[in-house]
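Open the model in your viewer and keep the selection panel at hand. The tour goes stop by stop: select, look, move on.

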Amino acid sequence: LSFYRYVRLREVEDLRHALYQEWEALGVLGRIYIAPEGINAQVSVPTNNLEHFRKALDARETFANVPWKIAVEDDGKSFLKLAIKVKKKIVADGLTDDAFDVTNVGEHLDAMTFNRKMEEGALVIDMRNNYECLIGHFEGAYLPKTDNFRGAIEEVVEAFKGKKDAEVLMYCTGGIRCEKASAYLKHQGFTNVSQLHGGIIDYARQLKAEGLKSKYLGQNFVFDERLAERITDDVVSTC
């Protein structure tokens with residue numbers, strides 16, 4: 001499962017050590033980044049400790065009720081160890097956050113609404129790196145050519161600078177990059193910005209739960225030992 005939250009954290013080093021002891025005792029594996037701006041976590045948890053892990057998170061005010069995204073596929077080999085790293089940022093975006101309001105984010109859309117707005121002709125923008133887009137993406141989406149997040153943001157702003165009043169739908173793996181990118185686009189003058197709630201990971205869950213047709217084709221690139229999880233059987237590129 002994965003989760004993130006932008007929240008002001010203090011004494012990050014001490015928090016890192018406390019989380020490591022707490023989560024290691026629960027058998028948690030994964031890669032977690034914490035920074036003064038929040039937490040970004042991709043983990044696997046033994047089924048019998050899942051409720052204990054939820055309670056441990058909720059016991060901390062800063063992480064209470066943080067939404068989870070549950071993986072579509074699980075072969076039991078997603079992570080090999082527990083790694084909690086202190087970073088300057090939870091996503092390396094290269095942006096100067098005090099230059100714009102990072103809390104002024106786009107509207108969060110569920111899968112059904114996202115699909116409907118696509119059908120109505122909204123611009124769909126993939127906020128992932130080029131190599132992620134290549135194995136799967138939404139129908140008709142703009143796919144960045146760059147291989148880093150900062151480059152993708154700048155490319156998108158330049159590509160659509162003449163369409164700042166158009167309805168823009170953004171998506172990424174689990175939602176965290178869109179959280180920052182949507183705020184940046186609004187800062188740049190885009191007036192109608194929305195984002196896929198929970199990213200592709202939660203989109204797949206909603207499809208299954210509600211019996212919706214997938215407008216995402218192919219696989220979803222993930223940052224663990226699996227490398228990808230299949231959303232549909234479509235093949236959209238050649239290795």
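Start with the cysteines. This is a predicted model, and its disulfide count is zero. A disulfide would need two cysteine sulfur atoms within 2.5 Å.

Select Cys133. Why is there no bond from Cys133 to Cys172? The closest cysteine sulfur to that of Cys133 belongs to Cys172, and at 11 Å it is too far for a bond. Cys133 is buried, at a relative accessible area of 0%.

Add Cys172 and Cys178 to the selection. The sulfur of Cys178 is the nearest cysteine sulfur to Cys172, 3.3 Å away, and Cys172 is in no disulfide. The cut-off is 2.5 Å, so this pair does not count. Cys172 is buried too, with a relative accessible area of 1%.

Next, a helix pair. Two packed helices are described by the angle between their axes and the distance between the axes. Select residues 149–159, helix 5, together with residues 176–187, helix 6. Their axes come within 11 Å and cross at roughly 35°. Which hand does the crossing of helix 5 and helix 6 have, right or left? It is right-handed.

Now show the side chains of that contact. From helix 5, pick Phe149, Ile153, Val156 and Val157. From helix 6, pick Arg177, Ala181, Tyr184 and Leu185. Seven of the contact residues are nonpolar, one is charged and none is polar. The charged one is Arg177.

Move to residues 199–210, which form helix 7. Helix 7 has twelve residues. From first C-alpha to last it reaches 16 Å, close to the 16 Å expected at 1.5 Å a residue. Which residues of helix 7 are buried? Colour Gly199, Ile200, Ile201, Asp202, Tyr203, Ala204, Gln206 and Leu207: these are the buried ones. Step past the end of helix 7 to Gly211, where phi is positive, near 65°.

Last stop: Ile70. Look for Ile70 in the loop between helix 2 (50–58) and strand 4 (82–86). Is Ile70 buried or partly exposed? Ile70 is partly exposed, with a relative accessible area of 43%.

Show what Ile70 touches. Leaving aside neighbours within four places in sequence, Ile70 is in contact with Leu1 and Ile201. Ile201 was among the buried residues of helix 7. Finish with a distance check from Ile70 to Gly175. These two are 105 residues apart along the chain, and their C-alpha atoms are separated by 13 Å.

Note on methods. Residues numbered from 1 in each chain as written. Predicted model: local features only at pLDDT ≥ 70, side-chain atom pairs only at ≥ 80, totals over all residues. Heavy atoms only, no water. Buried < 20%, exposed > 50% of the residue type's maximum accessible area, 1.4 Å probe, protein only. Helix = DSSP H or I, 4+ residues; strand = E, 2+ residues; numbered from the N terminus. Expected span 1.5 Å × (residues − 1). Axes fitted to C-alpha atoms, helices over the stretch in contact; angles between N-to-C directions. Left-handed = near helix turned anticlockwise from the far one by under 90°. Contact = heavy atoms within 4.5 Å.
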